Amino acid sequence: CRAAILGFLAGLGGHGGNGGEGNAVEGELDMFIYLMVRGFVSRTDYNLVDSTRNGNGNGGAATTAAAPSIRSIIALSGESSADTLAGMAPQRQIGFLKLMCDVIKQLGFGVVQYIPVFMKLLLSLMEYSESKRIVFNRNDVADVDVDVDVDVAGDYEDGENDYGLDSDTEKPAHFIPTNHVKNVRTLSLRRFSDLFTQFGSSSSVDFTPYADRLWLALAMPLQTLPATVIAASKPPAVLRLLETLSCQSNLIPLLNTSGGNGDGGNDGDGGDGGAIVAVLKCIAPSSKAAVVELSLSV
């Protein structure tokens, strides 16, 4: 079902023209993204936008008001608060992150207009999962950011919940197992890498506005990175993310801001000199060959 929907959207081709066909394609894609992200909009905000849309209807005007309303909800999802995330079942967050992978790979530049929303949602999920990690007071460093296998069987087997669309049978918001927190963090890091890989070489996409928030969200993963790779059989997701940044010339300025020399003076790795220093510390006798090789490529 997931593949069929994405295949259909990809088959519609480019969009953005002035004709009716281009508008139809935009409408289909807007609706898909709306269904994908609407769970990140609080019920209060959702009802506010919905009531505004319904209040504009005079005859056929209600139909034309629907598209701006959907786009308003899409934009609002990027402002998702910690309270809103706390009200979501972790399975929905994981389902959204896994679906985003397919969307980026199959639709490519067809979703370039949604990059700001995707980036803000990823940052919110990283910040929220990090706050939960602190609450859990996890002292096992290897459990912080090791690139574990999060492709759990069954994530896409229960229909709409796999897409994060409807959630009548979700678990209570307070039920947040630590493995879900770890998986959300790892998947968020992977989706950052996917976005940077897909769009980092494009001069039309600027990721620098997200620099401060990105490095703040990555502060603890960077600080603990050298310890997480001790005896790790494969590189953790945060190291792969840094390697992705270093491979795109357009993203080097973003990588350079990790040292905290900009506004606010916050070091991207908790005060140890930035992402590059954290990577260099991964080159140690206790590191496996795969970790050392990837570190040297940054």
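1. Let me start inside the fold, with L187. This leucine is buried, its relative accessible area being 2%. L187 belongs to helix α9, which covers residues 178-199. Its C-alpha atom lies 9.9 Å from that of M100, although 87 residues separate L187 and M100 along the chain.

2. A word on confidence before going on, as this is a predicted model. The protein chain has a mean pLDDT of 75, with 65% of its residues at 70 or more. Two stretches deserve your caution. Over residues 57-68 the pLDDT stays under 50, and the model gives this stretch five contacts beyond four places in sequence. Residues 261-271 also have pLDDT below 50, with 21 contacts in the model beyond near neighbours in sequence. Where pLDDT is low, the predicted coordinates should not be read in detail.

3. Back to helix α9, which also holds D194. Is D194 buried or exposed? D194 counts as buried because its relative accessible area is 17%, and the cut-off for buried is under 20%. Leaving out residues up to four places away in sequence, D194 touches C101 and I104. Of these contacts, C101 is itself buried, at 14% relative accessible area.

4. D194 also has a charged partner: a salt bridge joins D194 to R191, with 2.7 Å between the closest N and O atoms. Both residues of this pair are buried. D194 and R191 are about one helical turn from each other, because they sit three residues apart in helix α9. As a reminder, an α-helix has 3.6 residues a turn, so residues three or four places apart point the same way.

5. How many salt bridges are there by the rule used here? The count comes to five. One of them pairs the side chains of K120 and E79, at 3.1 Å from N to O. This pair links distant parts of the chain, with K120 in helix α7 (residues 115-136) and E79 in the loop between α4 (61-77) and α5 (82-86), 41 residues apart. K120 is partly exposed, with a relative accessible area of 28%.

6. Another salt bridge starts from helix α7, where the side chain of E127 meets that of R213 at 2.7 Å, N to O. R213 lies in helix α10 (residues 211-217), so this pair ties together parts that are 86 residues apart in sequence. Both ends are partly exposed: E127 has 32% relative accessibility, and R213 has 30%.

7. Cysteines can be dealt with briefly. The count of disulfides is zero. In contrast to the buried C101, C247 is partly exposed, at 49% relative accessible area.

8. Helix α11 (residues 219-228) is worth a look, as it is mostly covered, with seven of its ten residues buried. Among the buried residues are A219, P221, L222 and L225, along with T224 and T228.

9. Finally, helix α15 (residues 289-297) gives a neat pair of neighbours, since it contains L296 as well as S295. S295 is buried, at 4% relative accessibility, whereas L296 is exposed, at 58%. Apart from neighbours within four places in sequence, S295 is in contact with L239, V279, C282 and I283. L296, for its part, joins I276, L280 and I283 in a nonpolar surface patch of about 370 Å². I283 therefore appears in both settings, as a contact of S295 and as a member of the patch.

Key:
Residues are numbered from 1 along each chain as its sequence is written. This is a predicted model: local features need pLDDT of at least 70, side-chain atom pairs count only at pLDDT 80 or more; totals for chains, interfaces and linings use all residues. Side-chain values use heavy atoms; hydrogens and water are left out. pLDDT is the predictor's confidence in each residue, from 0 to 100. Contact means heavy atoms within 4.5 Å. Patches are made of residues with over 30% relative accessible area and no salt bridge: like charges are joined within 9 Å, nonpolar side chains (Val, Leu, Ile, Met, Phe, Trp, Tyr) within 5 Å. Accessible areas come from the Shrake-Rupley method with a 1.4 Å probe; for residues, only the protein chains shown count as cover. A salt bridge is a side-chain nitrogen of Lys or Arg within 4 Å of a carboxyl oxygen of Asp or Glu. Helices (H or I, at least four residues) and strands (E, at least two) are DSSP runs, numbered from the N terminus. Buried means under 20% relative accessible area, exposed over 50%, partly exposed in between (1.4 Å probe, protein chains only). A disulfide is a pair of cysteine sulfur atoms within 2.5 Å.
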